[in-house]
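Subject: Handing over the structure

Hello,

Here is the structure I promised to pass on to you. Please have a look at it first, and then read my notes underneath.

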Amino acid sequence: MNCPNCAEPLAERGVFCKVCASQARCMKCRELLETGAKACVECGTRTGQPVEPANGSTTPHIARSSELPPNRNTLSYEEDRNSRRFEASLTDSAMQGLGEVFGELFAQRGVGRTITQPQLRTVLREDGLDTGLKQLPPPPPVSEVHEEPPQKPTVQEHHEAKPILKLFQISDDAIELIDNRLKATSAADYYRRLTYLFVYAQELLLGRSSTPKSELLTVLKEAKVYDANCRFWLKQKKGFTVDTEDRMKLNAGAREQAIKALEEALDNNLPDKWNPDTKTAKARAPRKKS
């Protein structure tokens, strides 16, 4: 608040202005005096008249709190579709601790709308404020954050992914073999090529650093090459490792073989010597007569 005579900031605890030395508050009720007033408009005490306590002594200071009239705290709030207006009559001590209360009040009065700066008029006493604002209902609970469902794997943006899409495709979150012409020379060469190519396709198309072994077995069975020889070869773990979660990962040499096998599979000049769809069963040798 400012001095009514010189408009300089007035100390909260003072009765007189430290700049112009004029009386700024009533010595009895500490009401802010109006400019040029000869008496307090609140209690009628004349300017410059000291307080006379019950014991007959005089003091130019503040009267006892029991002699102060009741508080008259004022809060005013107006709101329409376009603007808000908030007015309050508060002292510095009354404002202490009320910032959070006012924050809750404005938060509950239309979230997302611009709040104009409140205009405050300090015309009350120093006794504090008891307006019941602390009984405001709690703010509405924050809505729970729902995690988005995991997205389906998409083809990695990599120039090496395009050639392998001629052999494999993504279907229902899995990779399927769509062209079984791998230019293999034998059954053993076929399931070796298919194993390396499938794990390599997982890296390129799905960005996986390792491949579940169960998915490889599905592809080998659909290719009609998962037999006893294939199972024995997988147990030897040639060209790949298997972790505790039964996931496969190619080593550097097997990855190079997968790249070479991909180039050969897409080379139309190379013959497809062995294919599970065109293989013929070997005729059994005749039994020897005893």
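Let me begin with one term: a residue is called buried when its relative accessible area is under 20%, exposed when that area is over 50%, and partly exposed in between. Arg255 has a relative accessibility of 25%, so Arg255 counts as partly exposed. Please also keep in mind that this is a predicted model.

**Salt bridges**

How many salt bridges are there? The count comes to seven. Arg255 takes part in one of them, where its side chain meets that of Glu203 at 3.0 Å, N to O. This pair links distant parts of the chain, since Arg255 belongs to helix 7 and Glu203 to helix 4, with their positions 52 residues apart.

A good place to look next is Arg193, which is found in helix 4. Is Arg193 buried or exposed? With a relative accessibility of 9% it falls under the 20% limit, so Arg193 counts as buried. Asp189 is buried too, with a relative accessible area of 9%. These two residues form a salt bridge in which the closest N and O atoms are 2.9 Å apart. Both lie in helix 4, which covers residues 187-206, and they are four residues apart, about one turn of the helix.

Arg193 also has a salt bridge with Glu264, at 2.7 Å from N to O. Here the partners come from distant parts of the chain: Arg193 is in helix 4, Glu264 is in helix 7 (residues 252-265), and they are 71 residues apart. Salt bridges link Asp189, Arg192, Arg193 and Glu264 in a network. If residues up to four places away in sequence are not counted, Arg193 touches Leu182, Lys183, Ala184, Ala261 and Glu264.

**Aromatic rings**

The model has five aromatic pairs. In one of them, the ring centres of Tyr191 and Trp233 are 5.8 Å apart and the planes stand at 50 degrees, so this pair is tilted. Tyr191 sits in helix 4 and Trp233 in helix 6 (residues 228-236), so the pair links distant parts of the chain, 42 residues apart. Both residues are buried: Tyr191 has a relative accessibility of 7%, and Trp233 has a relative accessible area of 10%. Ring pairs join Tyr191, Tyr196, Trp233 and Phe240 into a cluster.

There is also a charge over a ring: the charged end of Arg231 sits over the ring of Tyr226, 5.4 Å from the ring centre.

**The nonpolar core**

The largest nonpolar core is made of 37 residues. Ile164, Phe168, Tyr190, Leu194, Leu220, Val225 and Leu234 have the most contacts inside this core. Which elements give two or more residues to the core? They are helix 3 (161-164), helix 4, helix 5 (213-222), helix 6, strand 8 (247-250) and helix 7. Helix 4 provides the largest share, twelve residues.

Leu234 is a good residue to click on here. Leaving aside neighbours within four places in sequence, Leu234 is in contact with Thr195, Leu216, Leu217, Leu220, Tyr226 and Phe240.

If you would like one residue to start from, try Arg193: this buried residue has salt bridges with Asp189 and Glu264.

Best wishes

Conventions
Residues are numbered from 1 along each chain as its sequence is written. This is a predicted model: local features need pLDDT of at least 70, side-chain atom pairs count only at pLDDT 80 or more; totals for chains, interfaces and linings use all residues. Side-chain values use heavy atoms; hydrogens and water are left out. A salt bridge is a side-chain nitrogen of Lys or Arg within 4 Å of a carboxyl oxygen of Asp or Glu. Buried means under 20% relative accessible area, exposed over 50%, partly exposed in between (1.4 Å probe, protein chains only). Rings of Phe, Tyr and Trp (its six-membered ring) pair if their centres lie within 6.5 Å; planes under 30 degrees apart count as stacked, over 60 as edge-to-face and the rest as tilted. A charge sits over a ring if NZ of Lys or CZ of Arg is within 6 Å of the ring centre and within 35 degrees of the ring normal. Contact means heavy atoms within 4.5 Å. A nonpolar core is a set of buried Ala, Val, Leu, Ile, Met, Phe, Trp, Tyr and Cys residues joined through side-chain atoms within 4.5 Å.
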